[in-house]
Amino acid sequence: MSLFKTYAGLSRDIYYLCLARTINSMGDFVFSLITLVLTLQMGMNVVSAGIFVSMAALISGPGVLLGGYLSDLMGKKTIIIIGQSLSALMIISCSFWSDTITVGYFLIAVMFFISITRPAYNALIIQLCPEEKERKSAFSLMYLGANLGIAIGPLIAGFFIKDHVNIVFVSIGTVFLISTFIIINQVRVSTRKELASTGSLHSVQQQQQPLSSQPTSPLFKLLMKNPLVAFFIVVSFLNYFIYMQYSFSLPLQMNQSYGENGAAYYGSVMTINAISVIILTTLILSATRKLTALNSIAIGALFYGIGFGVLNLLGYSSLFIIVAISTVLWTIGEILVQTNINLYIASRVPDTHQGRFNGLLLFVGCLGYTLSPYLTGIFIKNMDMKSVWIIILAFSLVYALCMILLGYIEKSSTRKSEMELLDHSKSV
């Protein structure tokens with residue numbers, strides 16, 4: 001229990017926001033729902049169902065960009081409420097058309113509205129936590145809660161989806177509405193006047209001094225003025241590309257290594273992953289609390305590389321212990337990267353642009369998730385399965401080196417600025 005003191009001291013708004021996200025994530029399996037409903041309920045072939053899933057994935061990209069822009073323009077909390085409310089209405093509407101193709105289009109719309117809320121959630125955490133240590137704990141708690149919800153939701157829905165799909169639709173819609181109700185009533189976002197009266201606004205402005213001098217600058221112009229942030233966002237493509245291997249290359253590897261039992265073994269992998277996330281997230285946060293976001297991401301990338309690289313051994317032995325060790329290792333990488341990736345941007349971007357920058361980062365994520373299966377498929381076709389894991393290991397090392405290089409450049413730049421300031425004060 002002492003480990004959970006790591007999450008102590010956060011504001012009640014953060015706790016309620018994380019609770020809302022946990023509840024909301026119980027219905028966050030729309031991708032799987034599209035496939036299951038269209039194939040099980042309507043008898044659609046896999047190729048046709050795949051088109052709907054691809055459309056839902058593609059529409060998420062514009063969704064996160066629009067959500068980021070609107071959250072800066074209209075407010076983070078407002079966009080979360082609007083996005084979740086529309087998602088709830090859409091998915092409840094599916095219960096009236098559950099035996100028609102219309103349900104496929106409704107579920108694509110649901111994915112769009114869900115994606116709109118993603119950058120708003122991240123930006124709202126940043127707004128509610130002025131200190132970086134608080135943000136680290138808050139993002140870790142959000143990540144842990146979301147994974148708990150994702151683990152519970154599909155498990156419950158699995159009992160009803162075949163014979164009572166309408167109950168699943170109404171239940172997911174209700175979950176979204178409960179989450180939205182919590183945010184409306186319990187998450188309080190302070191206005192600039194309230195922050196100024198408590199003195200918090202001044203401290204936030206001091207932290208964001210380099211970037212907030214021109215809060216109304218266009219996104220592209222602000223990116224050009226901050227090339228390190230732009231570099232970080234571009235290189236983050238590697239994170240999403242690598243992470244996507246768990247849902248594309250790993251199932252293929254299980255089928256190749258274990259034949260007709262591959263699906264069962266892959267299910268075991270996902271169970272190990274879920275248990276590892278629940279047990280290790282708090283431990284890892286406690287152990288890496290003093291590390292910078294870049295150092296945490298670099299270490300996480302190394303765990304990605306080692307974890308996925310270990311799977312190369314399946315080319316020589318099919319012992320499941322190899323898979324189990326691999327899963328724990330890449331899960332540690334997942335925890336380190338996913339709980340820190342928003343922190344780097346948070347301390348270098350003014351509050352007026354947090355939504356847009358988070359939306360841009362999530363858009364790069366969508367590109368990584370979309371291109372990863374295609375490019376990895378080319379690797380597998382032209383080489384063999386075990387060689388792919390060495391390539392992923394190499395990509396992970398490149399990602400880690402990029403984070404280390406970024407940290408070194410920042411330290412050198414800060415040291416140079418301090419020396420120039422010292423020289424200037426001496427001359428005066």
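**Exercise 1. The ring pair of Tyr240 and Tyr369**

Is Tyr369 buried, partly exposed or exposed, and what is its relative accessible area? Classify the ring pair that Tyr369 forms with Tyr240, and locate both residues in the chain.

*Solution.* The model is predicted.

Step 1. Partly exposed covers the range between the limits of 20% and 50%. The relative accessible area of Tyr369 is 30%, so Tyr369 is partly exposed.

Step 2. For Tyr240 the relative accessible area is 5%, and this residue is therefore buried.

Step 3. A pair of aromatic rings is described by two quantities, the distance of the centres and the angle of the planes. The structure holds 17 aromatic pairs. For Tyr240 and Tyr369, the ring centres are 5.4 Å apart and the planes stand at 80 degrees, so the pair is edge-to-face.

Step 4. Tyr240 belongs to helix α12 (residues 227-243) and Tyr369 to helix α18; the pair links distant parts of the chain, 129 residues apart.

**Exercise 2. A stacked pair and its cluster**

Determine the geometry of the pair Phe308 and Trp330, then state which cluster of rings includes both residues.

*Solution.*

Step 1. The ring centres of Phe308 and Trp330 are 5.4 Å apart, with planes at 10 degrees. Planes under 30 degrees apart count as stacked, so the pair is stacked.

Step 2. Phe308 is part of helix α15 (residues 293-309) and Trp330 of helix α16 (residues 320-338), so the pair ties together parts that are 22 residues apart in sequence.

Step 3. Phe308 has 0% relative accessibility and counts as buried. Trp330 likewise has 0% relative accessibility and counts as buried.

Step 4. The cluster linked by ring pairs consists of Tyr243, Tyr246, Tyr304, Phe308, Trp330 and Trp389.

**Exercise 3. Salt bridges**

How many salt bridges does the structure contain? Describe the pairs Glu410 with Arg348, Asp13 with Arg12 and Lys76 with Asp72, and give the surroundings of Asp72.

*Solution.*

Step 1. Side chains of opposite charge can pair when their charged atoms come close. A side-chain nitrogen of Lys or Arg must be within 4 Å of a carboxyl oxygen of Asp or Glu. The count under this rule is four salt bridges.

Step 2. Between Glu410 and Arg348, the N to O distance is 2.9 Å. Glu410 lies in helix α19 (residues 385-427), while Arg348 is in the loop between α17 (341-346) and α18 (354-382), so the pair ties together parts that are 62 residues apart in sequence. Glu410 is buried, because its relative accessible area is 17%. Arg348, at 26% relative accessibility, counts as partly exposed.

Step 3. Asp13 and Arg12 form a salt bridge with an N to O distance of 4.0 Å. Asp13 is buried at a relative accessible area of 13%, whereas Arg12 is partly exposed at 44% relative accessibility.

Step 4. In the bridge of Lys76 with Asp72, the closest N and O atoms are 3.9 Å apart. Both Lys76 and Asp72 are buried; for Asp72 the relative accessible area is 17%. Asp72, Lys76 and Arg356 are linked in a network of salt bridges.

Step 5. Asp72 lies in helix α3 (residues 46-74). With residues up to four places away in sequence not counted, Asp72 touches Asp351, Thr352, His353, Gln354, Gly355 and Arg356.

**Exercise 4. The span of helix α7**

Compare the expected span of helix α7 with the distance between its end C-alpha atoms, and name some of its buried residues.

*Solution.*

Step 1. Helix α7 comprises residues 165-186, that is, 22 residues. The expected span is 1.5 Å times one less than the number of residues, which gives 32 Å.

Step 2. The end C-alpha atoms of α7 are 32 Å apart, in agreement with the expected span.

Step 3. Buried residues of α7 include Val165, Phe169, Ile172, Gly173, Phe176, Ser179 and Ile183.

**Exercise 5. The environment of Ile125**

Is Ile125 buried or exposed, and which residues are in contact with Ile125, leaving aside neighbours within four places in sequence?

*Solution.*

Step 1. Ile125 is in helix α5 (residues 102-128). Its relative accessible area is 0%, so Ile125 is buried.

Step 2. Apart from neighbours within four places in sequence, the contacts of Ile125 are Ile14, Leu17, Ala138, Phe139 and Met142.

Step 3. Ile125 and Cys18 are 107 residues apart in sequence, and their C-alpha atoms are 9.2 Å apart in space.

Conventions
Residues are numbered from 1 along each chain as its sequence is written. This is a predicted model: local features need pLDDT of at least 70, side-chain atom pairs count only at pLDDT 80 or more; totals for chains, interfaces and linings use all residues. Side-chain values use heavy atoms; hydrogens and water are left out. Buried means under 20% relative accessible area, exposed over 50%, partly exposed in between (1.4 Å probe, protein chains only). Helices (H or I, at least four residues) and strands (E, at least two) are DSSP runs, numbered from the N terminus. Contact means heavy atoms within 4.5 Å. Rings of Phe, Tyr and Trp (its six-membered ring) pair if their centres lie within 6.5 Å; planes under 30 degrees apart count as stacked, over 60 as edge-to-face and the rest as tilted.
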